[in-house]
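This report describes two ligand sites and the aromatic contacts of one structure. The sequence and the model come first.

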Amino acid sequence: MKYLVTGGAGFIGSNYVFYVLKHRPEIEVVCLDALTYAGNLSTLKDVMDHPQFKFVKGDIADRDFIDQLFSEEQFDVVVNFAAESHVDRSIENPGIFLQTNVLGTQTLLDASRKYNVKRYHQVSTDEVYGDLPLDQPELFFTEETPIHTSSPYSASKAGSDLLVQAYNRTFGLPVTISRCSNNYGPYHFPEKLIPLMISRALADEKLPVYGKGENVRDWLYVEDHCKAIQMILEHGRVGEVYNIGGHNERTNLEVVKTILHELNKTEDLITYVTDRKGHDLRYAIDPTKITTELGWTPETTFDEGIKKTIKWYLENKPWWEEILSGEYQNYYETMYGQRGE
Ligand code: NAD
Ligand code: TYD
């Protein structure tokens with residue numbers, strides 16, 4: 001079996017590469033990544049010489065390159081993680097989100113069709129469902145919840161999901177889609193809430209909380225997501241969507257305070273800044289379908305997972321310090337310089 005894993009130098013994709021090489025020794029993995037600001041080759045250093053692993057640098061939206069790669073490698077399975085993934089960046093510059101997330105997905109779908117891939121899996125997000133109100137905790141996203149997007153990021157992910165479903169219905173391409181809640185864990189790029197707060201708290205820098213910090217996210221430890229994707233690939237029904245999430249809802253303020261507590265830092269590092277435009281209030285997954293059909297349940301609670309994640313960031317400072325020392329400094333100044341307190 002040969003898998004193409006796109007976006008494997010990013011956060012979830014790299015964790016998925018490690019998961020497959022560890023748990024499925026019979027699978028050959030080709031990792032394709034454009035190495036954008038979010039892709040980091042040093043993340044993959046421990047598997048670069050693995051006999052079942054190969055890295056290829058390239059853009060999923062580059063048609064000639066993708067066609068040649070598929071023709072040479074004859075993939076059995078494609079797992080598409082490659083995407084522009086940060087909501088705040090999509091508000092500043094939507095175009096690249098359409099280019100990679102929509103046109104890149106279409107390019108992969110065309111090649112999967114032409115070269116008879118046995119399964120195309122799209123890694124999507126619960127953000128395609130929009131948001132839930134804060135005052136109705138009994139509401140959850142199911143696979144039947146209508147698509148209703150808020151940000152250019154979620155709109156581009158919804159666009160790619162619809163294309164994936166269209167290629168199944170129109171051309172019979174064997175596809176599956178997973179829609180997961182917010183992930184956290186090792187190799188998470190420090191522009192996202194949890195790694196941003198860990199890295200800044202360690203440096204005694206202000207922690208920018210949007211609005212009142214009352215927005216709710218449903219956090220899943222990244223390895224539980226990787227395991228769910230593998231179960232969908234091996235036992236999921238073709239043409240289906242599976243939601244992935246483990247009932248770990250927290251307000252942003254709760255998350256930030258937990259991190260401060262674990263690091264023995266005081267809460268006066270918190271600073272409330274101008275809210276994100278169109279900020280989704282609450283995400284919460286109902287995982288009944290994947291639990292009853294495939295037997296998936298998450299193994300890591302938020303309390304365990306956040307401790308493991310903080311430990312990883314403490315033990316792997318060179319990985320994120322190198323990121324923070326580069327272009328990232330300009331990013332932080334641009335994105336937060338004008339937000340104010
Ligand atoms: P990430 O930003 O950490 O990684 C994305 C990777 O894709 C990077 O390595 C980047 O270099 C690569 N990439 C970007 N554009 C590319 C292109 N045109 N061609 C090839 N490679 C390209 O993102 P992540 O958090 O690991 O998310 C991975 C996937 O999971 C995304 O599709 C995202 O929408 C989805 N997802 C993420 C979360 C989350 O909480 N992070 C939750 C649910 C779903
Ligand atoms: P993020 O990690 O960007 O994920 P997403 O927007 O895809 O859910 O943000 C998680 C939550 O944290 C979201 O409600 C926005 C909030 N947030 C802050 O309050 N401050 C920050 O600096 C960042 C990056 C996010």
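For the classes used here, Ala, Val, Leu, Ile, Met, Phe, Trp, Tyr, Cys and Pro count as nonpolar, Asp, Glu, Lys and Arg as charged, and the others, Gly among them, as polar. By that division, the shell around ligand 1 holds 13 nonpolar, 12 polar and three charged residues. The model is predicted: local features need pLDDT of at least 70, side-chain atom pairs count only at pLDDT 80 or more, and totals for chains, interfaces and linings use all residues. Residues are numbered from 1 along each chain as its sequence is written, chains are lettered from A and ligands numbered from 1 in the order in which they are written, and side-chain values use heavy atoms, with hydrogens and water left out.

**Ligand 1**

A residue is near a molecule if one of its heavy atoms lies within 4 Å of it. There are 28 residues around ligand 1, and Ile12, Asp33, Ser85, Tyr153 and Lys157 come nearest. Helix H1 (11-23), strand S5 (119-125) and helix H5 (152-171) each supply at least two residues of this shell; helices (H or I, at least four residues) and strands (E, at least two) are DSSP runs, numbered from the N terminus. S5 gives the most, with three residues.

The table lists polar contacts of both ligands, a polar contact being a pair of N or O atoms within 3.5 Å.

| Ligand atom | Protein partner | Distance |
|---|---|---|
| Ligand 1, oxygen | Asp33, side chain | 2.6 Å |
| Ligand 1, oxygen | Thr36, backbone | 3.1 Å |
| Ligand 1, nitrogen | Asp59, side chain | 2.8 Å |
| Ligand 2, oxygen | Asn182, side chain | 2.9 Å |
| Ligand 2, oxygen | Asn252, side chain | 2.8 Å |
| Ligand 2, oxygen | Tyr336, side chain | 2.7 Å |

Taken alone, ligand 1 exposes 840 Å², of which the protein buries 96%. For ligand 2 the exposed area taken alone is 510 Å², and the protein buries 97% of that. These accessible areas come from the Shrake-Rupley method with a 1.4 Å probe.

**Ligand 2**

Two elements, H6 and strand S8 (207-210), give two or more residues to the shell around ligand 2. This ligand is surrounded by 19 residues, with Glu127, Arg217, Arg276, His279 and Tyr336 the closest. By class, nine of the shell residues are nonpolar, five polar and five charged.

Glu205 is found in the loop between H6 and S8. With a relative accessibility of 35%, Glu205 counts as partly exposed; the cut-offs are under 20% for buried and over 50% for exposed, with partly exposed in between (1.4 Å probe, protein chains only). Glu205 and Ile270 lie 9.0 Å apart in space, C-alpha to C-alpha, and 65 residues apart in sequence.

**Aromatic contacts**

Rings of Phe, Tyr and Trp (its six-membered ring) pair if their centres lie within 6.5 Å; planes under 30 degrees apart count as stacked, over 60 as edge-to-face and the rest as tilted. The whole structure has 18 aromatic pairs. One of them is the edge-to-face pair of Tyr187 and Trp319, at 5.4 Å centre to centre and 85 degrees between the planes. Tyr187 lies in the loop between strand S7 (183-184) and helix H6 (193-202) and Trp319 in helix H11 (residues 317-325), so the pair ties together parts that are 132 residues apart in sequence. Both Tyr187 and Trp319 are buried. Together with Phe18, Trp312 and Tyr313, these two residues form one aromatic cluster.

A charge sits over a ring if NZ of Lys or CZ of Arg is within 6 Å of the ring centre and within 35 degrees of the ring normal. The charged end of Arg113 sits over the ring of Phe171, 3.6 Å from its centre. Arg282 lies over the face of Phe140, 5.5 Å from the ring centre.

Notes:
Polar contact = N/O pair within 3.5 Å; in protein donor to acceptor, adjacent residues only side chain to side chain.
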